[in-house]
Structure formats: C-alpha cells, structure tokens
Amino acid sequence: SHLRANTAVTEVSLKNNKVKVTYINQEGQAEAILAKKVIFCAPKFIASKIIPNLSEERLAAMKKIEYRSF
C-alpha cells in the first residue's frame, strides 16, 4: 500500500530526520511524501541529479562511471 506505481521521482532529500520524496503522480501533479526509510533504485547518473547535497567527491565518482547499452 506504500508503493507509488507509475510515478516519476524528481527529488529525494532529508527533512527533519525523515526522507522527503517528491514525485509526479499519475495525473501529472507534483506531490511529496515523508518517510522514515526509502529504497531508491536508479543508475548513478540519474541519482546524481535527484539527490541534492551530495559531496563533491561522491559526484565526481558518479561522473566517472560509463554506461553502455547491453
């Protein structure tokens, strides 16, 4: 019941010791939810744009990864 299917996540950030997830719902409206924990899966080149306040070192490491089609 907590899974949000058919949505596009636009940001994952910390807010008051919780995780704030902002996403576009099925109707095309932006919504946000707060959660104690979040499982977020995406290629790092996507995650680097969605997760703000990453350290420069982490961003640099993410940018070094090369992606290719299978």
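Here are some short exercises, each with a worked solution, on a predicted model of one protein chain.

**Exercise 1. Work out which elements the chain has and in what order they come.**

Step 1: Start by counting. You should find two helices and three strands.

Step 2: Now walk along from the N terminus. The pattern reads β-β-β-α-α, so put the strands on your sketch before the helices.

Step 3: Give your sketch a scale. The C-alpha atoms fill a box of roughly 35 × 35 × 20 Å, taken along the principal axes.

**Exercise 2. Find out how the three strands are arranged in the sheet.**

Step 1: Get the order. It is β1-β2-β3, in an open sheet with antiparallel pairing.

Step 2: Look for the edges. β1 (8-15) and β3 (30-35) each have a single partner strand, so one side of each has no neighbour in the sheet.

Step 3: Check the twist. From one strand to the next, the average is 20 degrees.

Step 4: Count the bridges for each pair. Seven join β1 to β2, and six join β2 to β3. As background, strands of a sheet pair through backbone hydrogen bonds, either parallel or antiparallel.

**Exercise 3. Trace the bridge partners of T22 on both sides.**

Step 1: Look towards β1. There, E11 has T22 of β2 as its bridge partner.

Step 2: Look towards β3. Here T22 stands opposite A32.

Step 3: Add another bridge to your drawing. V12 has V21 in β2 as its partner.

**Exercise 4. Compare the two hairpins: how many residues lie between the strands, and which residue takes a positive phi?**

Step 1: Take the hairpin of β1 and β2. Two residues lie between the strands, and N16 has a positive phi near 50 degrees.

Step 2: Move on to the hairpin of β2 and β3. This one has five residues between the strands, and G28 has a positive phi near 85 degrees.

**Exercise 5. Decide whether I24 is buried, partly exposed or exposed, and describe its surroundings.**

Step 1: Place the residue. I24 belongs to strand β2 (residues 18-24).

Step 2: Use the cut-offs. Buried means under 20% relative accessible area and exposed means over 50%. I24 has 29%, so it counts as partly exposed.

Step 3: List its contacts, skipping residues up to four places away in sequence. I24 touches N6, T7, A8, T10, Q29 and A30.

Step 4: Try a longer reach. R58 is 34 residues from I24 in sequence, and their C-alpha atoms are 27 Å apart in space.

**Exercise 6. Describe the whole chain in terms of burial, surface, contacts and charge.**

Step 1: Burial. Of the 70 residues, 20% count as buried.

Step 2: Surface. The accessible area is about 6,200 Å², and 53% of it belongs to carbon and sulfur atoms.

Step 3: Contacts. Among those with a separation of 6 or more, 17% come from residues 24 or more positions apart.

Step 4: Charge. There are 12 positive and 6 negative side chains, and the centres of the two sets lie 6 Å apart.

Conventions
Residues numbered from 1 in each chain as written. Predicted model: local features only at pLDDT ≥ 70, side-chain atom pairs only at ≥ 80, totals over all residues. Heavy atoms only, no water. Helix = DSSP H or I, 4+ residues; strand = E, 2+ residues; numbered from the N terminus. Buried < 20%, exposed > 50% of the residue type's maximum accessible area, 1.4 Å probe, protein only. Contact = heavy atoms within 4.5 Å. Areas by Shrake-Rupley, 256 points an atom, 1.4 Å probe, with all protein chains shown as cover. Lys, Arg positive; Asp, Glu negative; His and termini not counted. Charge placed at Lys NZ, Arg CZ, Asp CG, Glu CD. Pairing = 2+ DSSP bridges. Axes fitted to C-alpha atoms, helices over the stretch in contact; angles between N-to-C directions.
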